[in-house]
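Me: I'd like a close look at a single part of this model, please. Could you pick one strand, take me through its surroundings, and cover any enclosed space as well?

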Amino acid sequence: TVDWPEADLLIFGDVIEHIPKPDALAVLERTKRYPHVVVSLPLGDWPQGAWEGNPHEEHRSTWTFDEAREAIGAQIAEAIPFHFEGRTAEIGIFIR
């Protein structure tokens, strides 16, 4: 277990999808003691393996908009379309 710092704001920018869902849910539960949290993650099925030789870049969980919003306890949530390598998908931005 890692000790988390005291802070007013945590930012998880494209991190949560790299963690298996049960562990990611545990991480998000730990964020509830912080006053403000911002999370961005791709929504839906966006497979990604090791990227440029880095196995930690693999996507190990997928999220729908509603399950991410609920797990984060987001007060503000938005799905934003983006285009990458010829595909269109959505990235979710969640703020609590």
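Reply: Happy to! One definition to begin with: a cavity here is a set of points on a 1 Å grid over the protein atoms alone where a 1.4 Å probe fits but cannot get out, and its volume is the space filled by probe spheres set on those points. Please keep in mind that this is a predicted model.

The part I would pick is strand S2, residues 36–43. Of its 8 residues, 6 are buried, so the rest of the structure largely encloses this strand; buried means under 20% relative accessible area.

What does S2 pair with? On one side of the story is strand S1 (residues 9–13), which runs parallel to S2 and is joined to it by 5 bridges. Within that pairing, Leu9 has His36 of S2 as its bridge partner. The link between these two strands involves helix H1 (residues 21–30): S1, H1 and S2 together form a right-handed β-α-β unit.

S2 also pairs with strand S4 (residues 87–95), this time in the antiparallel sense, over 6 bridges. Here Leu43 has Glu90 of S4 as its bridge partner.

Now for the enclosed space. The model has 1 cavity of 30 Å³ or more, and the largest cavity holds about 40 Å³ of space. Its lining consists of Glu17, Pro42, Gly44, Trp46, His59, Ser61, Thr62 and Trp63, and Pro42 falls within the residue range of S2. Sorted by class, that lining has 3 nonpolar, 4 polar and 1 charged residues.

Note on methods. Residues numbered from 1 in each chain as written. Predicted model: local features only at pLDDT ≥ 70, side-chain atom pairs only at ≥ 80, totals over all residues. Heavy atoms only, no water. Buried < 20%, exposed > 50% of the residue type's maximum accessible area, 1.4 Å probe, protein only. Helix = DSSP H or I, 4+ residues; strand = E, 2+ residues; numbered from the N terminus. Pairing = 2+ DSSP bridges. Right-handed = clockwise from strand over helix to strand, strands pointing away. 1 Å grid on protein atoms, 1.4 Å probe; cavity = no way out; pocket = protein on both sides within 12 Å on 5 of 7 lines; lining within 4 Å. Nonpolar A, V, L, I, M, F, W, Y, C, P; charged D, E, K, R; others polar.
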